[in-house]
Amino acid sequence: MSYYLTTPIYYVNSTPHIGHAYTTIAADILVRHHRQRGEETFFLTGVDEHAASVARVAAEQGLEPQEYADRIAPVWRDLPRRLNASIDFFIRTSDEDHKAFVQDFLQRIYDHGDIYQDVYAGLYCVGCEAFKTEAELVDGKCQQHDREPEWIEEKNYFFRLSAYQGRLLELYESRPDFVLPAFRANEARSFIAGGLQDFSISRASQTWGIPIPWDPDHVTYVWVDALVNYLSALTYAPGGDPRLWPARHLLAKDILRFHCVYWPALLLAGGYDVPRQLFVHGYLNLDDRKISKSLGNVIDPLDLIEEYGVDALRFWSARSVSFGQDGNVSLDSFRERYERELGNDLGNLLSRTTAMIARYRNGELTTLAGAGGELAEHAAALHSDVPAALDRYDITGALETIWEYVRALNRHVEQTKPWELAKDEATADELEKALYELADGLRNAAIALWAYVPETAERILEALGQPADPAWERLTYGATEAAAGIEPAEPLFPRIDATATA
Ligand code: MSP
């Protein structure tokens with residue numbers, strides 16, 4: 001079974017902020033988890049270059065759009081690398097192979113009879129790259145971008161979206177989990193049920209974009225160009241394979257309509273299968289406003305990585321907001337979780353456990369015979385509950401399940417009190433068991449956490465003298481191997497002086 005997951009391809013009109021990092025991290029958690037389960041995975045991300053706003057920013061800087069895009073693309077390419085996101089390919093919509101594929105895709109729809117020419121006039125928001133109706137505006141402005149749309153009037157090629165209403169409704173009817181969470185599927189379905197208007201897939205007034213194959217005086221509407229990346233990449237990415245289609249798409253609610261309505265219709269028109277599934281997550285907000293460049297309230301993920309390390313950012317992304325919902329975030333809560341959860345719950349547990357093994361057992365860990373009690377049951381529950389939650393894209397819920405286990409291990413230390421057991425030779429066996437179970441619990445926690453905090457998980461396994469293999473089947477009670485030379489581990493998440501960084 002293969003697991004092909006995508007993130008949106010981000011606009012290069014500015015640099016990445018924490019909202020972009022958020023989706024990429026969530027996607028990486030899912031992909032890594034499926035890899036742990038032994039599945040073949042393919043993880044695609046990249047950039048969307050042919051937006052009018054990109055041409056504008058380039059002009060402001062006195063550059064040709066392509067020149068500008070070439071300069072900024074490396075910054076975006078660096079984002080997954082810095083996030084430790086294990087991507088298979090980074091697509092740019094200016095890739096020649098992508099452009100050729102888009103032209104072929106459009107030609108198929110044209111040949112299928114779903115494209116016609118018409119004049120269109122309307123209000124256009126450059127931020128959304130979409131026409132707006134009066135009803136969608138507040139005080140004449142696009143809410144999302146806080147700016148007035150522009151009047152555009154031109155002869156365009158139109159896609160017969162209206163012809164797909166019935167098939168789309170059937171799709172939503174027959175596949176209740178086509179779009180998740182369910183309330184997002186309802187949103188898409190009611191939009192479709194409300195009636196679909198054909199939309200223009202070309203722009204005559206622009207030159208920045210992919211030429212329409214049968215009429216090169218027009219360029220392709222950026223959204224059609226961009227959506228097709230999910231298919232085109234499979235035809236030329238190293239390791240890509242068209243048979244990986246259909247994909248699972250991850251995106252935020254801002255681009256629900258394009259993905260959940262336009263995209264399946266375009267695919268049907270082109271003779272392709274619709275996506276396997278779409279998961280639509282919410283917004284990270286600061287002071288109740290979406291974090292976005294156009295609103296000017298951005299947090300740079302690279303700053304947080306520099307200060308706290310990439311795993312702290314990955315952990316927080318999964319934990320701070322229930323994945324799927326909107327949520328307010330703050331740097332204070334970031335710090336607080338770093339100290340309390342990563343530093344104390346997890347970091348201290350490893351420090352204490354390794355220090356006790358070093359001190360009371362001369363750094364040696366011996367395997368135990370016999371079945372375990374509560375911790376064995378808990379590990380078995382972890383083994384099945386985490387995949388079940390992640391199959392529902394419940395990244396936050398799965399992490400909470402893992403954290404309950406980490407808390408249980410902390411309670412286990414307090415209950416077994418190895419430091420007391422160490423005082424009396426008569427309780428040597430009990431001490432051995434208590435320390436083994438702690439090490440074993442930490443090893444299981446590390447495997448469960450690997451998808452979230454891969455570097456940390458590997459450090460834990462190494463500190464306990466265990467193989468660096470995160471295969472899910474190894475998450476089981478009592479699979480910890482005998483080891484020697486265990487030393488007190490360095491703190492996983494050292495304290496950071498808040499006054500120095502404020
Ligand atoms: N280029 C289009 C997408 C084309 S996909 C075929 C685009 N780009 S974007 O740069 O604006 O990125 C939007 C996406 O970035 C969102 O759907 C979401 O994945 C992510 N986010 C940007 N800001 C975000 C938040 N404040 N909160 C959560 N996700 C955010 O749209």
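A polar contact here means a pair of N or O atoms within 3.5 Å. Keep that cut-off handy, and remember that the model is predicted.

**Exercise 1. Find which polar atoms of A252, Y11 and D254 pair with the ligand.**

*Solution.* Start with A252: a backbone N or O atom of this residue sits 3.1 Å from a ligand oxygen, and that is within the 3.5 Å limit, so the pair counts as a polar contact. Next, try Y11. Here too the backbone does the job, with a polar atom 3.0 Å from an oxygen of the ligand. Finish with D254, where a polar side-chain atom comes to 2.9 Å from a ligand oxygen. Now check how covered the ligand is: on its own it exposes 680 Å², and the protein buries 95% of that.

**Exercise 2. Describe the shell around the ligand.**

*Solution.* First, count: there are 25 residues around the ligand, and I9, T23, D48, D254 and L284 come nearest. Then sort by class, which gives 14 nonpolar, 8 polar and 3 charged residues. Last, trace where they come from: strand 1 (2-11), helix 1 (18-36), helix 7 (222-227) and helix 8 (229-236) each chip in at least two.

**Exercise 3. Work out what lines the second largest pocket.**

*Solution.* Begin with the space itself, about 150 Å³. Around it are 13 lining residues, with T15, P16, V75, D300 and L302 nearest the centre. Two or more lining residues come from each of helix 3 (65-82) and helix 10 (301-308). Helix 3 gives the largest share, 4 residues. By class, the lining splits into 7 nonpolar, 2 polar and 4 charged residues.

Conventions:
Residues are numbered from 1 along each chain as its sequence is written. This is a predicted model: local features need pLDDT of at least 70, side-chain atom pairs count only at pLDDT 80 or more; totals for chains, interfaces and linings use all residues. Side-chain values use heavy atoms; hydrogens and water are left out. A residue is near a molecule or strand if one of its heavy atoms lies within 4 Å of it. A polar contact is a pair of N or O atoms within 3.5 Å; within protein, one must be able to donate a hydrogen and the other to accept it, and residues adjacent in sequence count only if both atoms are side-chain atoms. Accessible areas come from the Shrake-Rupley method with a 1.4 Å probe; for residues, only the protein chains shown count as cover. Ala, Val, Leu, Ile, Met, Phe, Trp, Tyr, Cys and Pro count as nonpolar, Asp, Glu, Lys and Arg as charged, and the others, Gly among them, as polar. On a 1 Å grid over the protein atoms alone, a cavity is a set of points where a 1.4 Å probe fits but cannot get out, and a pocket is an open set with protein on both sides within 12 Å along at least five of seven lines; lining residues have an atom within 4 Å of a point. Grid points are joined across faces, edges and corners, and a volume is the space filled by probe spheres set on the points.
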